[in-house]
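Please open the structure in your viewer and keep the selection panel at hand. The stops below go from one selection to the next.

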Amino acid sequence: MKLFGVLGDPISHSLSPVMHNAAFCALDMDCSYHAFRVKPDNLEYAIKGAGALGFGGLNLTIPLKEKALGIVEPTEMAKSIGAVNTVDFKNGISGHNTDGIGARMALTDRGIGIGGKNVLVLGAGGAARAIAFQLAKDGARVTIANRTVERAQALARDVAAVGEVTASGFGALDKLIRQTDILINSTSVGMSPDISGTLVTSDMMHPDLVVFDIVYNPLKTCLLMEAEIAGATTIDGVMMLVYQGAEAFKIWTGVSPPVDVMEKAVRDALS
Ligand code: ATR
């Protein structure tokens, strides 16, 4: 039996165990995935201990992703993003970040291309960072808009090393969205318990817009309801969660997991 785990604090609500165990079960792999509550001060012991115990791999979540950079051997992408969400033990202890790939795959899974597209990323926190880096690297023209414009500017300066990017505040969102192909909410606005929050309303949207909300609690956020009213294409946050997990699964095992099984496990757990 090979063990896998997700480390974080808090961790009891993580959907990763149910998602990965469903994939292991569907593939008849002798593997098991568990959640562990780990404080930042103990992260190094936890990662090295898991390696010593023969774990197949780890995921990291809040508040451990940034701290892990100094403990593992990070990939270039994890270094750029400044956070590690996947640890692999095959060659030493390597640290990856699959969040951006999760976002990209959530889009391409729906037949939405990235290269040359105008992508508006709302937010400049950890999630926005991973998404902006990945999509800029994939050839999108990225605009980062954030309530605190200085944070958007700082992120854009970093992302400029890998692709085309500009920064903005929320003042000109109307105009920005008219020129946008793909709008991604990477803020916590709309997340339970404040489910009536949205940064963009239907009157600001157009039918050719793709609206992707990384929030999956609730599944249909206020932003996605507004997008439906505008006739825009909607993508909920489940697929980013599933695809970041699928990418980690591939890194650990070399096997492409059944994403439909993982998606069903997550949707069942959420409903
Ligand atoms: P994460 O790592 O999950 O992305 P974070 O680093 O705390 O979390 O970032 C949260 C993001 O949501 C930020 O972009 C934040 O905007 P500020 O940088 O201006 O704080 C954004 N955010 C949170 N609540 C918001 C609100 N009520 N209105 C607008 N933006 C909000």
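Begin by selecting the boundary between the two domains, where 12 residues of domain 1 are in contact with 16 residues of domain 2, contact being taken as heavy atoms within 4.5 Å. Domain 1 covers 2-96 + 239-270 and domain 2 covers 100-235, with bounds that come from an automatic or database domain assignment. This is a predicted model, in which local features need pLDDT of at least 70 and side-chain atom pairs count only at pLDDT 80 or more, whereas totals for chains, interfaces and linings use all residues. Residues are numbered from 1 along each chain as its sequence is written, and side-chain values use heavy atoms, with hydrogens and water left out.

With both domains coloured separately, their C-alpha centres lie 25 Å apart. The area buried between domain 1 and domain 2 is about 1300 Å², and carbon and sulfur atoms give 76% of that area; buried area here is the accessible area (1.4 Å probe) that two parts lose on being put together, summed over both. Next select Ile81, Met240 and Tyr243, which supply 45% of the area that domain 1 buries against domain 2, more than any other three residues.

Across this interface the rule finds 0 salt bridges, a salt bridge being a side-chain nitrogen of Lys or Arg within 4 Å of a carboxyl oxygen of Asp or Glu. Now show helix 3 (76-81), helix 9 (238-253) and helix 10 (259-270), the elements that give two or more residues to the side of domain 1 that touches domain 2; helices (H or I, at least four residues) and strands (E, at least two) are DSSP runs, numbered from the N terminus. Helix 9 gives the most to that side, with 6 residues.

Turn next to the sheet. Its 6 strands form an open sheet in the order 2-1-3-5-6-4, with mixed pairing, where two strands pair if DSSP finds at least two bridges between them. Strand 2 (31-37) and strand 4 (73-74) stand at the edges, each with a single partner strand, so one side of each is left without a neighbour in the sheet. Within the sheet, select strand 3 (residues 57-60) and strand 5 (residues 86-88), which run antiparallel and are joined by 2 bridges; Asn59 has Thr86 of strand 5 as its bridge partner.

Which side chains should be selected last, as a pair that meets in a salt bridge? They are Asp9 and Lys39, at 2.8 Å, N to O. The pair links distant parts of the chain, 30 residues apart, with Asp9 in the loop between strand 1 (2-8) and helix 1 (16-26) and Lys39 in the loop between strand 2 and helix 2 (43-52).
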